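Here's a set of exercises to work through with the viewer open. Try each task yourself before reading the solution.

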Amino acid sequence: MTTASRNKIPATLIPGDGIGPEIVDVVERVFDALGSPYEWERRQAGLNALEQGGDLLPEATLDSIRRTGLALKGPLTTPVGGGFRSVNVRLREAFQLYANVRPARTIIPGGRYENIDLVLVRENLEGLYVGHEHYVPIDDDPHAVAMATGINTRAGSRRIAQFAFDYAVRNRRRKVTIVHKANVLKALTGLFLETARQVASGYEGRVEVDERIVDACAMQLVLNPWQFDVIVSTNLFGDILSDQIAGLVGGLGMAPGANIGDKAAIFEAVHGSAPDIAGQGKANPSALLLAGALMLDHSGLFNEAQRLRAAIDAVLATDSGRTHDLGGSVSTSAFGDLLTERLRG
Ligand code: NAD
């Protein structure tokens, strides 16, 4: 069955801020060339939404995601100061997007590491990111002591570990490494480790299991990243390691992410809104396109996802197909043209 003969899938498209609209424009054109599998509902969020309607995360955007259960999101700028909570964190909480999946794969040969193919699964709702922080005043210093409370639950740890092992089975991955700091944070990450071990025992014979303390894992990712396959960790460790892993394959411009819950999934580039290059045609749309490929996988459109990844690989493999961040000179929009030409054959 071709995509043309199939009903289109409704999905929310959020252009976002900074370079967001430029790279989302490329995504729309490339998806058209793929056969338009999605019926996009364009909605706003971020600084542009605040400026136009007074709300960083308008109800119309939340409504759309509630309806479609599927969103592709450009980067959002959260204004510094003014007490604004990160829109990304609000979206994760609103849709209980408990799993953050960040695959990293070498696309451009000749970099520091060849043949990297890793997936980081990060717990997205708990840990030290719950934002329970306060200061304790002493004498005339109101900020004499700063405190943060991390919260990990058995249910949350079980859910993310199960997600990682199921992901490994579904994607024919050989191994899951559980990353923790249970030698020091004995309760907070000890609970995560204990629960993840219990979950792992249910996958014996199907997926290999391995454990690492987070600091050792960080070093080994630099010395020998090929020993890893799927890594599962708590929120803060997962956040740090996923950027480190992105660095193994050429940086944030190439890193896609998926935020997955039971009722909705939101796909995005790991990078931010890059205000320093916004509107200059210098943005690399690859990370958002690769996030689009993850969304196609999530929708079961594996052929389209594969076609898209193959086209991105092929364009990036040529010296004339690279944007400024990759040492090339092709503009954002011309990069989109190269991709659409390749896809239309
Ligand atoms: P950033 O990722 O936007 O930029 C860091 C550097 O990488 C900049 O030099 C930028 O030009 C470059 N860069 C990023 N994406 C690129 C791309 N696709 N192509 C080429 N170069 C690219 O990080 P920042 O400057 O720390 O943050 C800017 C804003 O983005 C902040 O308001 C921050 O809150 C927001 N942010 C949003 C998200 C998100 O929506 N998921 C994630 C991170 C940061």
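What follows is a short note on conventions, then five exercises with worked solutions.

This is a predicted model, where local features need pLDDT of at least 70, side-chain atom pairs count only at pLDDT 80 or more, and totals for chains, interfaces and linings use all residues. Residues are numbered from 1 along each chain as its sequence is written, and side-chain values use heavy atoms, with hydrogens and water left out.

**Exercise 1: aromatic pairs**

Task: Find out what kind of aromatic pair Tyr 98 and Phe 163 form, and which parts of the chain the pair ties together.

Solution:
- Start with the yardstick. Rings of Phe, Tyr and Trp (its six-membered ring) pair if their centres lie within 6.5 Å; planes under 30 degrees apart are stacked, over 60 edge-to-face, and the rest tilted.
- Searching the whole structure on that basis gives seven aromatic pairs.
- Tyr 98 and Phe 163 sit 6.1 Å apart centre to centre with 90° between the planes, which makes the pair edge-to-face.
- Now place them, taking helices (H or I, at least four residues) and strands (E, at least two) as DSSP runs numbered from the N terminus. Tyr 98 is in the loop between α4 (87-94) and β4 (99-105) and Phe 163 is in helix α5 (residues 154-170), so the pair ties together parts 65 residues apart in sequence.
- Check the burial too: Tyr 98 and Phe 163 are both buried (buried is under 20% relative accessible area, exposed over 50%, partly exposed in between, with a 1.4 Å probe and protein chains only).
- Phe 163 also pairs with Tyr 167, this time stacked, at 6.4 Å centre to centre and 25° between the planes. These two are four residues apart in helix α5, about one helical turn, and both are buried.
- Elsewhere, ring pairs link Phe 31, Tyr 38 and Trp 40 into a cluster.

**Exercise 2: long-range salt bridges**

Task: Work out where the partners of the Asp 337–Arg 29 and Arg 173–Asp 229 salt bridges lie, and whether each residue is buried or partly exposed.

Solution:
- A salt bridge here is a side-chain nitrogen of Lys or Arg within 4 Å of a carboxyl oxygen of Asp or Glu. The structure holds 21 of them.
- Asp 337 and Arg 29 meet at 2.7 Å, N to O. Asp 337 belongs to helix α11 (residues 332-344) and Arg 29 to helix α1 (residues 20-33), so this bridge ties together parts 308 residues apart in sequence.
- Asp 337 is partly exposed at 31% relative accessibility, and Arg 29 is partly exposed at 25%.
- In the other bridge, the closest N and O atoms of Arg 173 and Asp 229 are 2.8 Å apart. Arg 173 is in the loop between α5 and β8, and Asp 229 is in the loop between α7 (214-223) and β10, 56 residues apart. Both residues are buried.

**Exercise 3: from helix to helix**

Task: Describe the salt bridge between Asp 297 and Arg 309.

Solution:
- The N to O distance is 2.6 Å.
- Asp 297 is in helix α9 and Arg 309 in helix α10 (residues 302-316), so the pair ties together parts twelve residues apart in sequence.
- For exposure, Asp 297 is partly exposed at 23%, while Arg 309 is buried at 15%.

**Exercise 4: strand β4 and its arginine**

Task: Identify which strands pair with β4, then see what Arg 102 and Arg 122 link up with.

Solution:
- Five of the seven residues of β4 are buried, so the strand is largely enclosed by the rest of the structure.
- Two strands pair if DSSP finds at least two bridges between them. Seven bridges join β4 to antiparallel strand β5 (residues 117-123), and three join β4 to antiparallel strand β11 (residues 256-260).
- For the register, Arg 102 has Leu 120 as its bridge partner in β5, and Val 101 stands opposite Ala 258 in β11.
- A network of salt bridges links Arg 102, Arg 122, Asp 239 and Asp 243.

**Exercise 5: positive phi**

Task: Say where Arg 172 and Ala 274 lie.

Solution:
- Arg 172 has a positive phi, near 50°, and is not a glycine. Arg 172 lies in the loop between α5 and β8 (175-180) and is exposed, with a relative accessible area of 79%.
- Ala 274, also not a glycine, has a positive phi of about 40°. Ala 274 is in the loop between β12 (265-269) and α9 (286-298).
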